Amino acid sequence: MTQQDVSSYPGAACRRRRGSALMAAAKRLVLIGPLGLLLASCGGGVDVGYGGGGGPPLTCSVGDQETWLAEYFSSDYLWNATSPYFPPQTAALGDYFNALLYTGGDPNFPAGVADVWSTYSSDDAFNRFYINGQDLGYGVFVDGIEVQGTALPLTVRFVDSNSPAAAQGVARGDQITAINGVPAATVIASNDYSAFTASTTGQTLTLDTQNAGGAHHLTLTSALYTLAPVSNVRTFTSPGGRTMGYVMVKDTIDQALAPYDAAFAQFKAAGVQDVVVDLRYDAGGSVADGEIMASYPAGPATDGKVYANLYFNDYLASVQDQYYTFDHYASALGLARVYVLTGPRTCAAAEQFVNGLKPFVDVVTVGDATCGKPVGTTPVSNCGTTYSAITFQVANSNNEGQYFAGLAPTCQVGEDFSKALGADDEPLLAVATQHADTGTCSATLANGTRRATSSSPTRPRWMEPNERQGLAKR
């Protein structure tokens with residue numbers, strides 16, 4: 001997709017660099033990923049407040065909370081001028097929140113764009129992931145997007161390393177034949193993966209799986225576990241003799257920063273000539289954390305330059321519109337090119353990682369188009385619930401944004417879930433490696449792998465239908 005210049009959007013005239021007085025607010029500003037509890041990470045020390053609409057409601061009655069919500073949307077919501085308005089009616093809070101969402105018609109945005117991202121969760125659920133770096137559930141993720149409308153088997157694509165699924169030996173590439181006794185074909189046909197979501201600890205999920213070791217019947221018990229947001233760090237030599245580094249980032253949260261820095265320290269010590277950052281499953285995170293991560297590949301070429309412009313509505317523009325700049329880190333490299341592995345689950349802050357670097361270095365993306373979410377939120381806590389209504393849109397230093405159809409890959413490559421992440425023969429990494437050697441995309445590798453299919457037209461293409469909300473983080 002061709003990115004659009006957003007500098008003419010209302011509020012764009014007033015921007016400012018985040019300074020020390022804005023640091024607390026900066027941590028509140030998040031590019032949230034798809035579906036679910038809260039689609040973005042704020043990292044440690046999240047500073048949630050009451051937004052531009054004023055203080056908290058008079059009481060936590062449904063009526064007072066709805067009055068507060070109406071004021072919150074009127075003042076803070078990105079589409080406050082064109083979104084629907086309904087007087088508080090003491091309806092269910094969730095129904096009232098959804099009734100206030102933008103449905104289209106703003107001439108400053110592409111036709112067909114509607115708000116499918118604003119959401120809310122309990123404060124406990126928000127804090128668990130975004131502050132504590134933990135998740136609640138089973139830790140197993142499947143290829144729900146790819147199998148729709150195909151004869152492909154339901155396959156495990158990712159397992160959180162500290163999760164109950166990992167403890168039971170579930171691994172990428174395992175084929176699932178039944179879920180809680182229901183045949184996988186029935187689950188695919190119903191497009192219902194809600195069984196993979198747990199709401200409390202101690203719930204159970206039974207899986208019948210098949211792999212090279214035979215058939216297995218497993219019972220997983222949901223638990224609270226610590227995330228490992230950075231994994232599979234390695235250096236290797238390409239067939240053409242280039243020294244390369246690979247790192248996978250799944251969760252853009254504060255807990256990712258130290259291991260990410262360590263990965264680049266390893267790359268720098270090894271003298272890597274190319275680095276591959278795997279963001280294919282990164283559903284989003286904070287603007288601040290994304291800016292830190294993006295500061296490492298090019299180093300001096302980006303130091304002090306604008307990483308992201310944030311644009312709020314007219315009401316908030318004079319006090320909140322701002323920009324973020326790349327920082328300097330001792331472990332940063334000085335590369336003129338960076339490889340990023342992407343797919344339909346690469347969303348929000350992960351997309352801005354790509355978009356923010358593009359004005360300064362050659363960003364070669366390998367995989368599939370990203371999810372298409374150049375907007376973000378400022379979390380607000382109220383009566384035990386954290387609301388994440390969309391409050392800003394984001395663009396790079398050239399004011400290129402509004403990539404609602406996603407960022408198209410340089411090299412189109414489908415997934416092969418039978419290959420381990422970070423392995424030499426994993427198709428996305430293999431194509432990136434070959435491109436580093438030859439400057440071209442490998443048609444043989446790209447055409448020989450499983451390709452992502454289109455999802456239902458009633459569902460955003462990035463959304464794992466009804467899958468556990470912890471994946472969407474947000």
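In this predicted model, glutamate 426 is buried, with a relative accessibility of 0%. Its salt-bridge partner is arginine 280, and the closest N and O atoms of the two are 2.9 Å apart. Arginine 280 sits in the loop between strand E14 (274-278) and strand E15 (285-286), while glutamate 426 belongs to the loop between E25 and H12, so the pair ties together parts that are 146 residues apart in sequence. Arginine 280 is likewise counted as buried, at 1% relative accessibility.

Two further salt bridges bring in aspartates 424 and 425. Aspartate 424 meets arginine 234 through their side chains, with an N to O distance of 2.9 Å. This pair, too, links distant parts of the chain: aspartate 424 lies in the loop between strand E25 (411-412) and helix H12 (427-438), and arginine 234 lies in strand E12 (residues 230-237), with their positions 190 residues apart. Aspartate 424 counts as exposed because its relative accessibility is 52%, above the 50% cut-off. Arginine 234, at 22%, counts as partly exposed. Aspartate 425 pairs with lysine 419, where the closest N and O atoms are 3.5 Å apart. Both of these residues fall in the partly exposed class, aspartate 425 with a relative accessible area of 46% and lysine 419 with a relative accessibility of 28%. Shared salt-bridge partners also join Arg172, Asp278, Arg280, Glu415 and Glu426 into one network. The count for the structure comes to 10 salt bridges.

Attention now turns to the nonpolar interior. The largest nonpolar core has 40 residues, of which Tyr260, Phe264 and Phe353 touch the most other members. At least two residues of this core come from each of strand E13 (243-249), helix H8 (257-270), E14, helix H9 (287-298), strand E16 (306-311), strand E18 (337-342), helix H11 (349-357) and strand E23 (390-395). H9 supplies the largest share, seven residues. The surroundings of phenylalanine 353 give a closer view: leaving aside neighbours within four places in sequence, phenylalanine 353 is in contact with Tyr260, Val277, Leu279, Gly290, Met293, Ala294, Pro297, Tyr307 and Val340. Another core lies apart from the largest one and has 22 residues, among them Trp79, Phe97, Val375 and Tyr387.

Helix H9 deserves a look of its own. In this helix, 12 of the 12 residues are buried, so H9 is largely enclosed by the rest of the structure. Polar and charged residues are part of that list, including Asp289, Glu291 and Ser295. After H9 comes glycine 299, with a positive phi near 60 degrees. Helix H2 (residues 62-76) has 15 residues and reaches 20 Å from its first C-alpha to its last, close to the 21 Å expected at 1.5 Å a residue. Among the buried residues of H2 are Trp68, Leu69, Tyr72 and Phe73.

Aromatic pairing is the next theme, with 25 aromatic pairs found in a search of the whole structure. In one of them, the rings of phenylalanine 97 and tyrosine 387 have centres 5.7 Å apart and planes at 25 degrees, so this pair is stacked. Phenylalanine 97 lies in helix H3 (residues 93-99) and tyrosine 387 in strand E22 (residues 385-388), 290 residues apart. Both phenylalanine 97 and tyrosine 387 are buried. The rings of phenylalanine 126 and tyrosine 130, by contrast, form a tilted pair, with centres 4.8 Å apart and planes at 40 degrees. These two residues are four residues apart in helix H4 (residues 123-130), which means a separation of about one helical turn. Phenylalanine 126 and tyrosine 130 are buried as well. Ring pairs also link Trp68, Tyr72, Phe73, Tyr77, Trp79, Phe97, Tyr102, Phe109, Trp117, Tyr120, Tyr387 and Phe404 into a cluster.

Finally, an open sheet of four strands runs in the order E8-E7-E9-E10, with antiparallel pairing. Strand E8 (182-183) and strand E10 (214-221) are the edge strands, each pairing on one side only. Strand E7 (residues 175-179) and strand E9 (residues 204-211) pair in the antiparallel sense over four bridges. Alanine 178 has aspartate 208, in E9, as its bridge partner.

How values were computed
Residues numbered from 1 in each chain as written. Predicted model: local features only at pLDDT ≥ 70, side-chain atom pairs only at ≥ 80, totals over all residues. Heavy atoms only, no water. Salt bridge = Lys/Arg side-chain N within 4 Å of Asp/Glu carboxyl O. Buried < 20%, exposed > 50% of the residue type's maximum accessible area, 1.4 Å probe, protein only. Core = buried A, V, L, I, M, F, W, Y, C linked by side-chain atoms within 4.5 Å. Contact = heavy atoms within 4.5 Å. Pairing = 2+ DSSP bridges. Expected span 1.5 Å × (residues − 1). Phe/Tyr/Trp six-rings, centres within 6.5 Å; stacked < 30°, edge-to-face > 60°.
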